[in-house]
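Here is a short report on charged pairs and domain packing in one protein. Please keep the sequence and the structure open while reading.

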Amino acid sequence: MIDFHFNGEPHSLAGLPADISVLELLRLRLGATGTKEGCASGDCGACTVAIGEPDGHGGLRYHNANACILPAHQLKGRHLVTVEGLARGDALHPAQAAMVDCHASQCGFCTPGIVMSLFTLYEASSHESGGQTATLAPYSQARLEAALGGNLCRCTGYRPIRDAAQAMLAYPADQHRPTWTDNQQLSDQVAASHQEDPADDGHYHRPNHLAELFALRRDHPSARLVAGATDLWLERTQQLKELPELIDLCNLAELQVLEEHDQGLHIGAAVTYARLEPVFETHFPAFARLLHRFASSQIRHRATLGGNVANASPIGDGPPVLLALDASLLLESPEGAREMPAQDFFLDYRQTALGAQEVLREIRLPWLTEGRQLKVWKLSKRREDDISAVLGAFSWQLEDGRLRDVRLAFGGMAAIPARARGAETALEGQPPSEAAFAAAKQALDDDFQPLSDVRGSSAYRRLAAANLLERLRLKIVTDTSQGANTPNTPAMEVMLDAYAD
């Protein structure tokens with residue numbers, strides 16, 4: 001049984017297959033066809049919907065999500081809002097009215113998804129302003145990119161959509177809000193529905209604690225684990241595989257930990273990137289900026305750092321950063337827990353050190369100490385929302401003009417994310433000179449023998465990685481000349497790039 005609210009109305013659905021998506025549920029079971037399927041992989045945003053969750057203060061906080069790769073069972077205890085639920089009779093929601101008035105729709109196929117991203121942006125603004133959106137300053141370009149970066153438009157062009165985003169703040173909220181906003185008890189009702197159905201729903205299991213998870217894995221050894229589903233669900237939509245039995249990790253309290261300790265940050269394996277963003281902005285700003293290149297807001301609200309690690313892709317964006325930071329991983333099984341360096345976790349292509357009954361519980365990031373720097377640069381065919389061809393994550397500190405504790409980690413250069421040990425040795429204890437970095441680039445050729453694929457040839461990857469090292473040298477020289485020697489001190493970039501750091 002899935003108990004949830006849909007456009008303000010309670011719904012209880014039983015007998016659904018484990019691998020039905022929200023998009024399939026909407027179009028095939030609920031007859032709500034306003035939400036469209038575009039790419040079926042979470043890239044284009046045509047299927048964007050809004051998911052509301054209780055904010056703990058008597059309200060609902062909404063985020064956008066891709067319905068095509070969102071498991072329908074994860075609607076339990078949530079409020080699903082689609083384009084059909086926005087208008088108040090004939091009065092359109094500000095997001096819809098502004099799209100019409102600014103002529104921001106042409107063929108209309110992607111428009112419902114764009115409207116839903118605008119809806120979540122409007123709701124966030126309304127929450128920030130206490131409902132007085134007309135008093136807000138225009139959105140910054142960065143905020144518009146963050147809100148709409150996951151929505152592609154194939155014919156209208158983005159200027160009128162941007163105009164609509166700015167214009168919608170001027171529409172009177174009290175005359176244009178959805179009818180269901182009149183229900184003052186909606187948040188309490190949504191919260192109550194979280195508890196109304198059993199944890200085990202046929203072939204879709206929802207453990208609440210690790211002990212329950214271990215019991216389920218023992219009794220259902222073929223069941224797949226799912227959290228954000230942003231990668232797993234591609235097997236369903238792109239490879240047309242069935243996922244007949246799933247174990248959902250999202251309700252596990254132990255995997256939702258996000259705590260600051262004396263030695264560093266402890267991140268539960270099921271914590272989403274959206275939750276990590278503000279923490280990273282404070283403590284690991286280079287990691288935070290990578291997230292804007294990593295994926296759209298729809299994906300960041302679903303994807304988890306734990307999934308990025310356990311997936312063990314050689315081109316995953318998160319693992320090289322963990323290697324550069326000397327992160328450790330906490331693994332747990334019915335027999336107990338063990339902690340290991342992240343660099344020992346990746347064994348071979350898609351193979352990790354996880355035992356048969358183990359799960360990844362936490363990622364532990366040491367704090368950047370005084371003077372220690374972190375830089376992360378990603379190369380991909382598209383600037384945003386694309387898989388890396390090469391990603392470099394570099395950490396070091398400069399003491400008396402010499403490099404110390406150098407960590408050079410790469411993705412896309414081997415079957416696993418890995419550190420360039422030879423290049424690190426060439427730089428350790430050396431000044432950031434052209435000669436030292438020339439030796440490091442030479443050593444890099446021995447560190448990696450990258451493959452050629454559709455994202456880049458082996459020769460391209462070697463050259464790109466060497467160029468990233470040269471960029472690092474220029475960055476260090478520039479920062480040193482400007483006195484930027486603390487982790488959060490801004491400095492001039494060596495090239496113009498909105499997301500470089």
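## A pair within one helix

Glu470 and Arg473 sit in the same helix, H17, 3 residues apart, which is about one turn of the helix. In this predicted model, the two form a salt bridge, with the closest N and O atoms 2.8 Å apart. Their surroundings are not alike in exposure. Glu470 is partly exposed, at a relative accessible area of 23%. Arg473 is buried, at 10%.

Salt bridges also link up elsewhere. Asp326, Arg407, Arg419 and Glu424 are joined into one network by salt bridges that share partners.

## Pairs between elements

Side chains of opposite charge can pair when their charged atoms come close. By the rule used here, the count is 20 salt bridges. One of them joins Arg236 and Asp19, at 2.9 Å from N to O. Arg236 lies in helix H9 (residues 233-237), and Asp19 lies in the loop between strand E2 (9-13) and helix H1 (22-29), so this pair ties together parts that are 217 residues apart in sequence. Asp19 is buried, with a relative accessible area of 8%.

Asp445 and Arg462 make another salt bridge, at 3.3 Å from N to O. Asp445 belongs to helix H16 (residues 434-447) and Arg462 to helix H17 (residues 458-482), so the pair ties together parts 17 residues apart in sequence. Asp445 is partly exposed, at 33% relative accessible area. Arg462 also counts as partly exposed, at 26%.

## A buried acid without a salt bridge

Where is Asp55 placed? Asp55 is in the loop between strand E3 (48-54) and strand E4 (60-66). Asp55 is buried yet has no salt bridge. Which side chain of opposite charge is nearest to Asp55? That side chain is Arg61, 4.8 Å away. A salt bridge needs the nitrogen and the carboxyl oxygen within 4 Å, so a pair at 4.8 Å does not qualify.

Asp55 does have contacts. Setting aside neighbours within four places in sequence, Asp55 touches Leu60, Arg61 and His127.

## Domains and the 1-2 interface

The domain assignment gives domain 1 (2-85 + 181-248), domain 2 (94-177), domain 3 (260-366) and domain 4 (373-499). Domain 1 and domain 2 have C-alpha centres 25 Å apart. Across their interface, 20 residues of domain 1 are in contact with 18 residues of domain 2.

The size of an interface is often given as the accessible area lost when the parts come together. For domain 1 and domain 2, the buried area is about 1400 Å², and carbon and sulfur atoms give 61% of it. Cys44, Tyr62 and Val83 supply 30% of the area that domain 1 buries against domain 2, more than any other three residues.

What is the count of salt bridges between domain 1 and domain 2? The count is 0. Polar contacts do cross the interface: the rule finds 5 residue pairs, both residues at pLDDT 80 or more. On the side of domain 1 that touches domain 2, the elements giving two or more residues are E3 and E4. E4 gives the most, with 4 residues.

How values were computed:
Residues numbered from 1 in each chain as written. Predicted model: local features only at pLDDT ≥ 70, side-chain atom pairs only at ≥ 80, totals over all residues. Heavy atoms only, no water. Buried < 20%, exposed > 50% of the residue type's maximum accessible area, 1.4 Å probe, protein only. Lys, Arg positive; Asp, Glu negative; His and termini not counted. Contact = heavy atoms within 4.5 Å. Domains from an automatic or database assignment. Buried area = accessible area lost by both parts, 1.4 Å probe. Polar contact = N/O pair within 3.5 Å; in protein donor to acceptor, adjacent residues only side chain to side chain.
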